[in-house]
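Here are my notes on the model, point by point. Please keep the structure open while reading.

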Amino acid sequence: MVDTLQPTTEHAHDDGHDEHHGASGLLNWLTTTDHKIIGMNYTVTSVIMMLLGGAMAMLIRAQLTVPDGGLVSLAKYNELFTMHGSIMIYLFAGPFAFGGLANYMVPIQIGAPDMAFPRLNALSYWLYLTGSITMLLGFFTAGGAANFGWVGYAPLSNSLNAPGAGADLWVGALILTGFSAIFTGVNLVATIFYLRAPGMTMFRMPIFTWNMLVTGILILLAFPVLTAGLVMLYCDRHFGTHIYDANGGGSPVLWQHIFWFWGHPEVYILALPFFGMVTEIIPVFSKKPLFGYKGMVFATITIAALSTGVWAHHMFTTGVVLLPFFSFMTYLISIPTGMKFFNWIGSMWGGQVQFTSAMLFSIGFLLTFLIGGITGILLASPPLDFFTHDTYFVVAHFHSVVIALVIGAMAGIFYWYPKMTGRFLSERLGKIQFWLLFGGGLLFVMPGYLVGLRGMPRRMAVYIIDPTWQNLNIWSSVGGFLMGISMLIFAANALKTMKTPKTAGPNPWDGHTLEWFTTSPPPHHNFYSLPNIKSERPTWDYFHPDAPALTHDDHDPSHVPGAVKADAQ
Amino acid sequence: MKVEARLLIWLGVFIGIMGIVYGIWSKEWGGTAMLIGTAILGIFPGLYYRWWSKRMGDRPEDRDATMAEGAGRIDTFPGSSIWPFALGMGCWFLVLALVFGTWFVVIGLPLVIFAVSGATAESRRGGDASGH
Ligand code: HEM
Ligand SMILES: [Cu+2]
């Protein structure tokens, strides 16, 4: 079918335009290639995965309230933390960001009718869904689910130590979701390179789109390495190769190199989308343009470049990696990241900040991520890492980061829910959820740092009998449970608002970017009309024609803030 | 297309330099190979885009432009298609064969072949089978 981009003038079709195609609901769903429906599918599936992984976290935390906890067996505990970590990383955080919200928003933000390869996009979703099911199937096999940690280290993951089908299902699931991610990466990059609307130059793209472009490139650089590593792991397990097997002349450390060569860029594949979301949200709710647009773009690219050269900071204690190189490179990453923090604060500074739920979650994201970032810098110092490796200090560090991601996910959902559904989530429930999630998150990680410094090892179902350790663990569990409750409130909020009237209108937040120019939800192929794009805030420009012009080309005197816009429409 | 090309080349060159420094310093060849491979993954497509950007000049999305300049056919977008689902199921069965035995291939492989041919034929027809 041939699609035509409508010219710029208002051109109102009546709604219902997108009603009359396709047969029944199920067939529609199975055959859809619309990025919005695929994006919704991804969002819903990945949130369900988060709830599943969260339920496992509740079991883990319940087990740890007592030192000799008998809630689950030692073997089941191994499966639980492995699957909790695997589900959260592989099946929630990434797919939610690049498959869900990005899939939905990136084409709209650049004025495109769909992703560049709609059928490939649909295939991505099916591979993700089947991969998720495959991983979960492990629980139903005789030997149980995978139990060697989410990192699958050799030799724990070889056929002697993990003979069961659960381990193979884990490998197979990651091959499926790996291809799914790669196809999504291809789609994001191609869409952003080829389908931008006229006037949407690279340096006018919304920061979220920029971040998704860089994320897409990182996916293409990193995921093939993991997939290749997994294929070799499978060969070791079943075809008698000895690639990761020291006895057969192979190298277990090679698996670690391969895994973390994917794994650290993956950290940024997970984080950049959420950086992008809050960078959209903060200026909108501060009623200001983003402070330092180009700096943001530059920082994102630099983070991505550096993130490929730090992988072995996860391997300091192997004793066979180049400590100064990886330590130094890791420190370097804190520079562009710090720059982003300054720009976020600069965007709020002097603005009329509106504390909507989306804004609260964004600020919560910044604070929580900051804690994770700072303790990350501590861990980048080899002597400190030797001291804390494999303790709860590390668990608390990366949970500070990943809890920030969950908070950021909520920011994105509250911000874009009106666009995706035409309805508002309840702000009141949103704020209650925020304080429970943010407060619970802090309460969960802080005791973790302390008990980690005292030496409590991670991945243990029982620990020594010591009142301090137990107290810290109980506080941590209470924090975890509060987060669990916050998620139930979110589920209630989503269900409750499903049937409310569609009152959002196209632009409820006075937004800056193109998605706020079209209807909520957008029509098939996204736009009835587009405004002319003269800056990185086309929608805002359109609705505020008399406002001073904005551009980041500060050297051009006609463009400094305060100068009158040269060609207001 | 210039900015896009520059982005990829810059990333590739940066990672390449890192790879060379790392290789000489550490003499650890696994990581070095991965870094150099990654560098190539950035530089090659980057050069290709650069070559294209020279050939086609600035597109409306690379400069100031009005919407009217972009009017017309953008691309062909298939309205809906069953083949991605079929292909996804085929791939799933192939992966399950890795775990539960080769008989899954009997379903998976034909499904993959069928779906790939179906999708190809659909593209030849110009996409959308359901008509929109
Ligand atoms: C309610 C929130 C959460 C709680 C209470 C929680 C709790 C825990 C605990 C206690 C552990 C350590 C288990 C052990 O080492 O014995 C753990 C491990 C882990 N968690 Fe979470 N978690 C939460 C959310 C998340 C999220 C959102 C992610 C990622 C997006 C995540 C990723 C991981 C990973 C990767 C591991 C390591 C698993 C391993 O050692 O192999 N968690 N979690
Ligand atoms: Cu890392």
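1. Start with the contact between the chains. It takes 61 residues from chain B and 68 residues from chain A. Keep in mind that this is a predicted model.

2. Next, the area. Together, chain B and chain A bury about 6100 Å². Carbon and sulfur atoms account for 75% of that.

3. Now the charged pairs. Chain B and chain A share four salt bridges. One joins the side chains of Arg196(A) and Glu4(B), with N to O at 2.8 Å. As for polar contacts, 14 residue pairs span the interface, both partners being at pLDDT 80 or more.

4. Which elements of chain B supply at least two residues each to the side that touches chain A? Four helices and a strand are on the list: helix H1 (2-26), helix H2 (29-56), helix H3 (83-100), helix H4 (103-125) and strand S1 (72-76). H1(B) gives the largest share, with 13 residues.

5. The make-up of that side of chain B is also worth noting. Its residues divide into 36 nonpolar, 14 polar and eleven charged.

6. Look at Glu61(B) next. Glu61(B) lies in the loop between H2 and S1 of chain B. Is Glu61(B) buried or exposed? Its relative accessible area is 9%, so Glu61(B) counts as buried, the cut-off being under 20%.

7. The neighbours of Glu61(B) are on chain A. Leaving aside residues up to four places away in sequence, Glu61(B) touches Tyr194(A), Arg196(A), Ala197(A), Pro198(A), Gly199(A), Met200(A) and Thr201(A). Arg196(A) is thus a name to mark twice: Arg196(A) touches Glu61(B), and the Arg196(A) side chain meets that of Glu4(B) in a salt bridge.

8. Turn to the metal. Which atoms coordinate the copper ion (ligand 2)? They are ND1 of His264(A), NE2 of His313(A) and NE2 of His314(A), at 1.7 to 2.0 Å. In sequence, the donor residues follow the spacing H-x48-H-H.

9. Two of these donors link distant parts of chain A. His264(A) belongs to helix H7 (residues 252-286). His314(A) sits in the loop between helix H8 (293-307) and helix H9 (323-348). The two are 50 residues apart.

10. Finally, compare how accessible these two histidines are. His264(A) is at 7% relative accessibility, and therefore counts as buried. His314(A) has a relative accessible area of 23% and is partly exposed. The buried cut-off of under 20% is why the two get separate labels.

Technical notes:
Residues numbered from 1 in each chain as written. Chains lettered and ligands numbered in written order. Predicted model: local features only at pLDDT ≥ 70, side-chain atom pairs only at ≥ 80, totals over all residues. Heavy atoms only, no water. Donors = N, O, S within 2.8 Å, 3.2 Å for Na, K, Ca; no water. Buried < 20%, exposed > 50% of the residue type's maximum accessible area, 1.4 Å probe, protein only. Contact = heavy atoms within 4.5 Å. Buried area = accessible area lost by both parts, 1.4 Å probe. Polar contact = N/O pair within 3.5 Å; in protein donor to acceptor, adjacent residues only side chain to side chain. Nonpolar A, V, L, I, M, F, W, Y, C, P; charged D, E, K, R; others polar.
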